[in-house]
Amino acid sequence: MEEFATIQCPYCGQSFDVAVDTSIPNQRFTTDCEVCCRPFEVTAECSDGEVLSATAVSG
Ligand SMILES: [Zn+2]
């Protein structure tokens, strides 16, 4: 199941939503910023079908 979580781009600071698979408790994936199009890594924690946290990893 996918839920949307808001993350902030570490490069341009823009916040936008990404789809997170809530069946995986701890995950790490790469996404492209919707605004500046730079790829960055995101770590997400999920529990009971909800996204607990989603954080952009800079550098
Ligand atoms: Zn950006």
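Q: Which residue in β5 is the bridge partner of Ala 44?
A: This is a predicted model, so let's start with one pair of strands in it. β4 and β5 run antiparallel and share 7 bridges. In one of the pairings, Ala 44 finds its bridge partner in β5, and that partner is Ala 54.

Q: What is the order of the strands in the open sheet?
A: The sheet has 3 strands, and their pairing is antiparallel. β3 (26-32) and β5 stand at its edges, each with a single partner strand, so one side of each has no neighbour in the sheet. On average, neighbouring strands here are turned by 30° against each other, ignoring direction. Read across, the order is β3-β4-β5.

Q: How many bridges join β1 to β2?
A: These two strands form a hairpin, with 6 residues between them. In the turn, Gly 13 has a positive phi of about 85°. Ala 5 stands opposite Val 18 in β2. The strands run antiparallel, and the number of bridges joining them is 7.

Q: Which elements give two or more residues to the largest nonpolar core?
A: That core has 7 residues: Ala 5, Ile 7, Val 18, Val 20, Ala 44, Cys 46 and Ala 54. Ala 5 and Val 18 are already familiar as residues standing opposite each other, and Ala 44 and Ala 54 as bridge partners. The elements that supply two or more core residues are β1 (2-8), β2 (15-21) and β4 (39-47).

Q: Which residues is Ile 7 in contact with, leaving aside its neighbours within four places in sequence?
A: Ile 7 belongs to the largest nonpolar core, and so do Val 18 and Ala 54. Both of those turn up among its contacts. The full list for Ile 7 is Ser 15, Val 18, Val 42, Ala 54 and Ala 56.

Q: Is Ser 58 buried or exposed?
A: Ser 58 sits in the segment after β5. Not counting residues up to four places away in sequence, Ser 58 touches Pro 10 and Phe 40. The cut-off for this class is 12 or fewer C-beta neighbours within 10 Å. Ser 58 has 10 of them inside 10 Å, so it counts as exposed.

Q: How far apart in space are Ser 58 and Cys 12, C-alpha to C-alpha?
A: In sequence, 46 residues separate Ser 58 and Cys 12. In space, their C-alpha to C-alpha distance is 11 Å.

Q: In which strand is confidence highest?
A: Across the protein, pLDDT averages 95, and 98% of the residues score at least 70. The lowest mean belongs to β5 (residues 50-57), at 95. Confidence is highest, at 97, in β4.

How values were computed. Residues are numbered from 1 along each chain as its sequence is written. This is a predicted model: local features need pLDDT of at least 70, side-chain atom pairs count only at pLDDT 80 or more; totals for chains, interfaces and linings use all residues. A nonpolar core is a set of buried Ala, Val, Leu, Ile, Met, Phe, Trp, Tyr and Cys residues joined through C-beta atoms within 7 Å. A residue is buried if 20 or more other C-beta atoms lie within 10 Å of its own, exposed if 12 or fewer, and partly exposed in between; C-beta atoms are placed from the backbone. Helices (H or I, at least four residues) and strands (E, at least two) are DSSP runs, numbered from the N terminus. Two residues are in contact if their C-beta atoms, placed from the backbone, lie within 7 Å. pLDDT is the predictor's confidence in each residue, from 0 to 100. Two strands pair if DSSP finds at least two bridges between them. Axes are lines fitted to C-alpha atoms, for helices over the stretch in contact, and angles run from 0 to 180 degrees between N-to-C directions.
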